[in-house]
Amino acid sequence: MPAAAPEISVVVPVFDEEGAAPDLAREIAAAFKGRKFEIVFVDDASRDGTRAALTALKREIPQLRVLGHRNNAGQSRAIRTGILGAKGAVVVTLDGDGQNDPADGPKLVDALLAGPPDLALVGGERVKRQDSQAKKVASRIGNGVRKRLLKDTANDTGCGLKAFRREAFLRLPYFDHIHRYLPALMVREGYRTAFLPVNHRHRTTGRSKYTNLGRLWVSLSDLFGVIWLQSRARNPGEVDEL
Ligand SMILES: Nc1nc2c(ncn2[C@@H]2O[C@H](COP(=O)(O)OP(=O)(O)O)[C@@H](O)[C@H]2O)c(=O)[nH]1
Ligand SMILES: [Mg+2]
């Protein structure tokens, strides 16, 4: 019997996450059991066994799909690739290292579906963040500056766990690292956003792909870019067909 068309697409970007990806895929399948879902892992040209491990898992998890970049193109591009290929109207993203808890995914989806039609995104906010002190401090400062300048009401846009409407995402511009600006860009497009507290876990395998200094540098240029995008937005309100 062919599987029912998925309503939810769980998109996971991975780069060198062979230690975490298989168990994460199993956890996602368990969390969304009973729903019409697919899991789309996007392997961003990993140099380890990530791709082979995930492909082998397709026999065990029928909802699992694996897309692969030929060249490394970064987390945001991998997320976009997954969303372009996704079949569900609702997309859930989460980090591929296991730090986000898949059990929070359905909660975000339910909040999104229970909201008004113009609610396009429900983002997770990590309550007890399990990272180094340096990363937590940098993140708090970065989030504070962004929230002040962009007025996007989001406390933690670096949280990889988000649920949103695929159609809304496809209306947004694309640039590298856009995944931290989704709330601001959704609002720019005329949508509403909401946030819920989510669990966060230690990274138990593999290595972080970002450094504080690297993130600071791109964040500054991205912030100016998003401020410019906001300044160039015009909204016609409801469109009437006459
Ligand atoms: N596809 C892709 N994913 C990446 C890349 N860099 C990081 N990621 C993924 O993005 C997520 C968050 O990255 P991570 O290194 O854990 O960042 P941290 O939690 O802030 O230290 C993980 O799922 C990574 O596998 C990349 O270049 N390409
Ligand atoms: Mg991480």
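Begin by selecting helix H3, residues 75–85, in this predicted model, and colour Gln-75, Arg-77, Ala-78, Ile-79, Arg-80, Thr-81 and Gly-82, which are buried residues of that helix. If you then show what covers these buried residues of H3, you will find that the cover includes the strands S1, S2, S3 and S4, the last of which spans residues 90–93.

Those strands lead on to the sheet. Select its 7 strands and follow them across in the order S3-S2-S1-S4-S6-S5-S7, which makes an open sheet with mixed pairing. At the edges stand strand S3, residues 64–68, and strand S7, residues 192–198, each of which pairs on one side only. Looking along the sheet, you can follow how neighbouring strands are turned against each other by 20° on average, with direction ignored.

Stay at the S3 edge and add strand S2, residues 37–43, which pairs with S3 in the parallel sense over 5 bridges. To place one point of this pairing, select Val-40 and look for Arg-65 in S3, which stands opposite Val-40.

Next, select helix H2, residues 50–57, which lies across S1 (8–14), S2 and S3 and runs at about 150° to S3. Add helix H1, residues 21–31, and view the two helices together: H1 and H2 pack at an angle of about 35°, and their axes are 9 Å apart. The crossing in which H1 passes H2 is right-handed. Which residues meet where these two helices touch? On the H1 side they are Ala-21, Pro-22 and Ala-25, and on the H2 side they are Thr-50, Ala-53, Leu-54 and Leu-57. Coloured by character, the residues of this contact divide into 6 nonpolar, 1 polar and no charged.

Now turn to the interior. In soluble globular proteins, nonpolar side chains tend to be buried together. Here the largest nonpolar core has 53 residues, and Val-10 and Phe-41 are those with the most contacts inside it. Select Val-10 and, leaving aside its neighbours within four places in sequence, show its contacts, which are Ile-28, Phe-32, Phe-37, Ile-39, Val-40, Val-92 and Gly-105.

One of those contacts, Gly-105, deserves its own stop, and it lies in helix H4, residues 105–114. Is Gly-105 buried or exposed? Gly-105 is buried, because 26 other C-beta atoms lie within 10 Å, where 20 or more are needed to count as buried. With neighbours within four places in sequence again left aside, Gly-105 is in contact with Val-10, Ala-31, Phe-32, Val-92 and Leu-94. Draw a distance from Gly-105 to Thr-93 as well: they are 12 residues apart in sequence, and their C-alpha atoms are 8.5 Å apart in space.

The last two stops concern the backbone. Most residues other than glycine have a negative phi. Select Asp-16, in the loop between S1 and H1, and read its phi, which is positive at about 55° although Asp-16 is not a glycine. Asp-16 counts as buried because it has 21 C-beta neighbours inside 10 Å.

Finally, go to Lys-151, in the loop between helix H5 (133–150) and strand S6 (162–165). Phi of Lys-151 is near 50°, again a positive value in a residue other than glycine. Lys-151, however, is exposed, because 11 other C-beta atoms lie within 10 Å, and a residue with 12 or fewer counts as exposed.

Technical notes
Residues numbered from 1 in each chain as written. Chains lettered and ligands numbered in written order. Predicted model: local features only at pLDDT ≥ 70, side-chain atom pairs only at ≥ 80, totals over all residues. Pairing = 2+ DSSP bridges. Helix = DSSP H or I, 4+ residues; strand = E, 2+ residues; numbered from the N terminus. Axes fitted to C-alpha atoms, helices over the stretch in contact; angles between N-to-C directions. Contact = placed C-beta atoms within 7 Å. Core = buried A, V, L, I, M, F, W, Y, C linked by C-beta atoms within 7 Å. Left-handed = near helix turned anticlockwise from the far one by under 90°. Nonpolar A, V, L, I, M, F, W, Y, C, P; charged D, E, K, R; others polar.
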